[in-house]
Amino acid sequence: MNPAAKITAFVATLTASFGAAYGIGAAVGTGAGTTGSPERAEHAGSAAPHTDESREERPAGGLQITEGGYTLDLRTPRLEAGQRGELRFAVRDRAGDRVTEFRREHGKELHLILASRDLATYRHLHPTRAADGTWSTPVELPAAGAYRVFADFTPADSNAEDLTLGADLAVSGPYKAAELPKPARTALVDGYTVSLNGNLRPDAPERLTFTVRKDGRPVTDLQPYLGAYGHLVALRAGDLAYLHVHPEGSTKPGPGVSFTATAPGSATYRLFLDFKHEGTVRTAAFTLASGGTARTPGTTAPSDEHGHGH
């Protein structure tokens, strides 16, 4: 796939792509969770533009529970904050039957993203599928509130390249909304310092380079995670429009991890960058306001393949 992925915000498009180099450069903030998936150069969910006579564009990925004849059937609409539970769901076709055959993308048949509406909590999960098409995964979410569940997949019998369906999840418990973090150019993630070089601007491509350092020294030996040296999920604040991008092909250690992004107007986006070093996957989360402002969230805890962290 082309290293630029489009995420359509009703009538606007966000393009993002990772560069081939990785290791050092500059980043944006910190947050929590984990991501991962390999070989596909980028993953824009249902972000490809619709080209009918009306020239209307498809909604951004994750904004719909049904698209292209497929529906996300969330069987666990509610969880308890701070308690380990099981999230169950299925993908159904036009006939209402559970889908049981999927194309493998980045080593997995389906990628599941969980994010709180205030974008303070993020998880990238890899659920397991039963023979009857029911998916399940253990999950523990730290805070109460409204969450969005994104199922990122491609049915085996579909002409669609990627689909991202979204559904709401309620997490009960005492609730206090979190604010988006304040601007900063560096962030600490489990002893690592991630820095940002570049800005996000509306309607113009801009190069963002991520630098990872530990003990003041550049990290030049990042390890592949699910086939790639970096993974990026971008969620638009307000409606949580979804974009998932990866580096194109296999890359070797270089001077930085880079991607190019074009923001569709003046909006704020939350970016979650996953990187793996010394056997552990960590996620740095970033708040970017199109127009050139970078906001850093604070710190994140290390996270495993199931996205534990904040």
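## Ground rules

Two strands count as paired here if DSSP finds at least two bridges between them. Strands themselves are DSSP runs (E, at least two residues), as are helices (H or I, at least four), and both are numbered from the N terminus. This is a predicted model, where local features need pLDDT of at least 70 and side-chain atom pairs count only at pLDDT 80 or more, while totals for chains, interfaces and linings use all residues. Residues are numbered from 1 along each chain as its sequence is written, and side-chain values use heavy atoms, with hydrogens and water left out.

## The overall picture

There's not a helix in sight: the protein comes to 0 helices and 24 strands. Of its 310 residues, 55% count as buried (under 20% relative accessible area with a 1.4 Å probe, protein chains only; exposed is over 50%, partly exposed in between).

Now for contacts, meaning heavy atoms within 4.5 Å. Taking those between residues at least 6 apart in sequence, 72% join residues at least 24 apart.

## Strand E13 and its partners

Strand E13 (residues 163-172) is largely enclosed by the rest of the structure, because 8 of its 10 residues are buried. Strand E6 (residues 78-80) runs parallel to E13, joined by 3 bridges, and Arg-78 has Ala-170 in E13 as its bridge partner.

Strand E12 (residues 145-153) runs antiparallel to E13, with 9 bridges between them. Here Gly-145 stands opposite Val-171 of E13.

## An open sheet

Another group of strands, in the order E4-E5-E7-E11-E10, makes an open, antiparallel sheet of 5. At the edges sit E4 (66-67) and E10 (128-129), each pairing on one side only. Within the sheet, E7 (residues 85-92) and E11 (residues 134-139) are antiparallel and share 6 bridges; Arg-88 is matched with Ser-136 in E11.

## Aromatics around Trp-135

The structure holds 6 aromatic pairs. Rings of Phe, Tyr and Trp (its six-membered ring) pair if their centres lie within 6.5 Å; planes under 30 degrees apart are stacked, over 60 edge-to-face, and the rest tilted. Phe-89 and Trp-135 are stacked, at 6.2 Å centre to centre with 5° between the planes. That pair ties E7 to E11, with the two residues 46 apart, and both Phe-89 and Trp-135 are buried.

Trp-135 also pairs edge-to-face with Phe-102, at 5.5 Å and 75°. Phe-102 comes from the loop between E7 and strand E8 (110-116), 33 residues from Trp-135, and Phe-102 is buried too. Add Phe-153, and Phe-89, Phe-102 and Trp-135 form one aromatic cluster with it.
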